[in-house]
Amino acid sequence: MDPFLVLLHSLSGSLSGNDLMELKFLCRERVSKRKLERVQSGLDLFTVLLGQNDLERGRTGLLRELLASLRRHDLLQRLDDFEAGTATAAPPGEADLQVAFDIVCDNVGRDWKRLARELKVSEAKMDGIEEKYPRSLSERVRESLKVWKNAEKKNASVAGLVKALRTCRLNLVADLVEEAQESVSKSEDMSPVLRDSTVSSSETP
């Protein structure tokens, strides 16, 4: 799996509906109206920009500009980490986990302890995480996932995480993780709709 696509999917999954609307508005002079009408997610828009050569792994200036316009400093930090090499060094299985972790962190919230217990994170560890991040639920989730991953080592997998989510009756989050894995795999070869739109880039807007 291309680590840059993993990053783009991670960014897309963290965008709100309003963020997407603003991104489409910001790209209105760069992307034709017809293509923008087909865009249903951040990943759709990023795929169009990739197809038009406005965005690529070694040229992320436009992406940085768009995220800055949204004032999404958290996503800019994610981009900084990628460019510093933290994401590119990840093997395929770990890249999958990174996408899953981002989704879980954005959606689990107050149920983080229930999930942490299912992942066999000790009460002492949870107390330490709570003290370290008193005001950030998402960081508590991320830290507990790191504890689980470090304990499981090579046995840590997206399938295992999904199973734990379903055991905790966090089925919506589990569905989002599974859909994300399928979406990233498909995006490596573009969806037919977006591929058609990028191929027809010479069409009149």
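R169 sits in the loop between α11 and α12 (171-187). The model is predicted. Its chain holds 13 helices and 0 strands. Of the 205 residues, 44% count as buried. Two packing partners of helix α1, the buried faces of α5 and α11, and several single residues are covered below.

**Loop residues with positive phi**

- R169 is a residue other than glycine, yet its phi is positive, near 60 degrees.
- This positive phi of R169 comes just after α11.
- R169 is exposed, because its relative accessible area of 72% is over the 50% cut-off.
- K153 is not a glycine either, and its phi is positive at about 55 degrees.
- The loop that holds K153 runs between α10 and α11 (158-167).
- K153 also counts as exposed, at 61% relative accessibility.
- R71 follows α5 and has a positive phi, near 60 degrees.

**Overall fold**

- Read along the sequence, the pattern is α-α-α-α-α-α-α-α-α-α-α-α-α.
- Among contacts in the chain with a separation of 6 or more, 63% come from residues 24 or more positions apart.

**Helix α1 against α4**

- Helix α1 covers residues 3-13, and helix α4 covers residues 42-51.
- Their axes come within 8 Å.
- The crossing angle is roughly 140 degrees.
- α1 and α4 are therefore oblique to each other, since roughly antiparallel requires an angle over 145 degrees.
- On the α1 side, the contact is made by F4, L5, L8, H9, L11 and S12.
- On the α4 side, G42, L43, F46 and L50 meet them.
- By class, this contact has 7 nonpolar, 3 polar and no charged residues.

**Helix α1 against α6**

- The axes of α1 and α6 come within 10 Å.
- They cross at roughly 170 degrees.
- α1 and α6 are therefore roughly antiparallel to each other, as the angle is over 145 degrees.
- From α1, the residues in contact are P3, F4, L7, S10 and L11.
- From α6, they are L75, R78, L79 and F82.
- By class, the contact of α1 with α6 has 7 nonpolar, 1 polar and 1 charged residues.
- F4 and L11 of α1 appear in the contact with α4, and F4 and L11 also appear in the contact with α6.

**Helix α5: a buried face**

- Helix α5 spans residues 61-70.
- Its buried residues include L62, L63, L66, L67 and L70.
- Viewed down the axis of α5, the buried residues fall within an arc of 130 degrees, so they line one face of the helix.
- Those buried residues pack against α1, α2 (17-26), α4 and α6 (73-83).
- The contacts of α5 thus take in α1, together with both α4 and α6.

**Helix α11: buried and exposed sides**

- V158, L161, V162, A164 and L165 are the buried residues of α11.
- Down the axis of α11, the buried residues lie within an arc of 160 degrees, so they line one face of the helix.
- A159 and K163 are exposed and sit on the face of α11 turned away from its buried side.

**E143 in helix α10**

- E143 lies in helix α10 (residues 137-152).
- E143 counts as buried, because its relative accessibility of 18% is under the 20% cut-off.
- Leaving out residues up to four places away in sequence, E143 touches I129, K132 and Y133.

**Cysteines**

- The structure holds 0 disulfides.
- C27 is buried, with a relative accessible area of 1%.
- C168 also counts as buried, at 4% relative accessibility.

Conventions
Residues are numbered from 1 along each chain as its sequence is written. This is a predicted model: local features need pLDDT of at least 70, side-chain atom pairs count only at pLDDT 80 or more; totals for chains, interfaces and linings use all residues. Side-chain values use heavy atoms; hydrogens and water are left out. Axes are lines fitted to C-alpha atoms, for helices over the stretch in contact, and angles run from 0 to 180 degrees between N-to-C directions. Helices (H or I, at least four residues) and strands (E, at least two) are DSSP runs, numbered from the N terminus. Angles under 35 degrees count as roughly parallel, over 145 as roughly antiparallel, 65 to 115 as roughly perpendicular and the rest as oblique. Contact means heavy atoms within 4.5 Å. Ala, Val, Leu, Ile, Met, Phe, Trp, Tyr, Cys and Pro count as nonpolar, Asp, Glu, Lys and Arg as charged, and the others, Gly among them, as polar. A disulfide is a pair of cysteine sulfur atoms within 2.5 Å. Buried means under 20% relative accessible area, exposed over 50%, partly exposed in between (1.4 Å probe, protein chains only). The arc is that of the directions from the helix axis to the C-beta atoms.
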